[in-house]
Amino acid sequence: MSQSVGVLSPSIGVPGVEILAPLSESYSRILTPQAVTFVADLQRSFNQRRKALLEARHKRQKRLDAGERPDFLSETRAIRESAWTVAPLPQDILDRRVEITGPVDRKMIINALNSGAKIFMADFEDSSTPLWTNLIEGHINLRDAIRRTITYSDPSSGKQYALNDTVAVLFIRPRGWHLEERHVLVDGEPMSGSLFDFGLYLFHNAKELLARGSGPYYYLPKLESHLEARLWNDVFLRAEEQLALAKGTIKGTVLIETILATFEMDEILWELREHSAGLNCGRWDYIFSYIKKFSLDPHAVLPDRGQVTMTTHFMRSYSKLAIKTCHNRNVHAIGGMSAYIPVKTDPVANDKAIAQVQADKEREAGDGHDGTWVAHPGLVPVALEIFDRLMPQPNQISKQLPDFNPTAADLLQVPDGQITEAGLKQNVAVGLGYVEAWLRGIGCVPLFNLMEDAATAEISRAQLWQWVHQNAKLSDGRRVDGALIESLIADELAKQKTAVDAARYAAYEKAADLMRELVQAPRFVEFLTLPAYQRVLQEEKF
């Protein structure tokens, strides 16, 4: 993206703010001077703390690289051992038995809100590429959805889409603390993607949502400590003050999707206790986090991604600890996402996928989760049937787990399993297939009958790095090295060259270059979306 693009938006009229992207008339109704002033205030108030917390992450990583292992914090023992609960929840989010997630494009929003799920999480993070058009049009779409004016006409089929009378309750997921919004500069610095997404949505929709009997509800991703939750809580308080909202109006569900956050779940709820809507088990990012945080530990090498299921000891321990923690504090524990999706063209594969989803949701409901995630509207009735049967009441917060007391060893236990050629090939294919789509602006994509987003793709590329740099061996005895990975990348590129058009093949070649860079890096690259974002910015055309 050319730095001269800033001249395209000279009329924003907010001192110290530059927008390095065009503002059409419709975009200007989102990026009003008042809205930009509001988000710029959040940036000026909290960006230095955000950067300090990111630096704290890096220092913690160095300690982990040196052999430190996480444990429950001694300095916050009193919070864990004392009796307290979070603030009462709004009526419209007491029943969250099935939640559907997806990107913020117009058709997806309508279909998800109409899906029969209780909640729709509109995602600016793992299922969205942060192109300028994706971001601002997403905010336009959400604004229209809340006011029930959203419609869509499919240009290929002519089919018309509109909202049903009854729709899901809306949550949104802003980007994580580590991501910047480089189209917007505040006092010469790129804006926090988290604060940009959060602030624009709140500014335009909080009072409209309240007038309609709902509220501004968020999912908070990628937190690694209770101090990061404290930052979000302070952002909420500042935003409520600036917009004259009652304290506690904003509610946030924290995704427990890092191995470090699982040791601070009580503390995270405590920090957000006026604003908390519970915790969610973000299983795919959790597995990725495990690999990332222990990337230099030869004893923490995971087997094939497909073998690291929720029934493994460390994953089941984390899931049940989330239930126990939330229910002790009188708030919801939401289960995770089964990546399986319906397979319309193959009845046998479809039956297998449905059976996998059913088993996953039976486990979650049986353990005590108050709801679950699905990635496809076709799976809403599957999950609903199970939760309706096993949880006839709005939630099961009353289900306590007093005898479940996992140790750090339980939460860190490396699962048994093998590294297979099939698993290696799948990681290469998924890594290339997802990054190729992401570079074209598509943040979630079905691959091999699974719904892949940034979190699942991160597992694939992280495993490739770990297996190469830890000299892992396949089940047949071969060592996983750079030459083997390169041969599989070449095979996948050859396959795609005859299967896709020239534009998509060019994206595959760029994806392969990025995957090689990530796998060959001497140190584990923290997030693939960071270098990928640089690439889409360079090619973004205005």
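**Note on helix α6 and the salt bridges**

1. Helix α6 bends by about 50°, in a kink centred on N205. Keep in mind that this is a predicted model.

2. The helix runs over residues 193-211, 19 residues in total. From first C-alpha to last, α6 reaches 27 Å. That is close to the 27 Å expected at 1.5 Å a residue.

3. What happens at the two ends of α6? At the N-terminal end, S192 acts as the cap. A side-chain oxygen of S192 sits 3.2 Å from the backbone nitrogen of S194. Just after the helix comes G213, with a positive phi of about 85°.

4. How many of the residues of α6 are buried? The count is 14 of the 19, so the helix is largely enclosed by the rest of the structure.

5. Now the charged pairs. Side chains of opposite charge can pair when their charged atoms come close. The structure contains 53 salt bridges. A few are picked out below.

6. E68 pairs with R60. Their closest N and O atoms are 3.2 Å apart. Are these partners buried or partly exposed? E68 has 31% relative accessibility, so E68 is partly exposed. R60 has 17%, under the 20% cut-off, and therefore counts as buried.

7. E81 and R77 form a salt bridge inside one helix. Both residues lie in α3, which covers residues 77-81. They are four residues apart, about one turn of the helix. The closest N and O atoms of this salt bridge are 3.4 Å apart. E81 is exposed, because its relative accessibility of 59% is over 50%. R77 is partly exposed, with a relative accessible area of 44%.

8. Helix α3 also takes part in a long-range link. R80 and E267 meet through their side chains in a salt bridge, 2.8 Å from N to O. This pair links distant parts of the chain. R80 is in α3, while E267 is in helix α8 (residues 265-271). The two are 187 residues apart. Both R80 and E267 are buried.

9. Which residues are joined into one network by salt bridges that share partners? The acidic-to-basic links here connect D123, E125, D126, D285 and E257 with R173 and K222 in a single network.

10. Places to look in the model: N205 for the kink in α6, S192 for the N-terminal cap, and the E267 and R80 pair for the link between α8 and α3.

Note on methods: Residues are numbered from 1 along each chain as its sequence is written. This is a predicted model: local features need pLDDT of at least 70, side-chain atom pairs count only at pLDDT 80 or more; totals for chains, interfaces and linings use all residues. Side-chain values use heavy atoms; hydrogens and water are left out. The expected span of a helix is 1.5 Å times one less than its number of residues. The bend at a residue is the angle between axes fitted to the seven residues ending there and the seven starting there. Buried means under 20% relative accessible area, exposed over 50%, partly exposed in between (1.4 Å probe, protein chains only). A polar contact is a pair of N or O atoms within 3.5 Å; within protein, one must be able to donate a hydrogen and the other to accept it, and residues adjacent in sequence count only if both atoms are side-chain atoms. A salt bridge is a side-chain nitrogen of Lys or Arg within 4 Å of a carboxyl oxygen of Asp or Glu.
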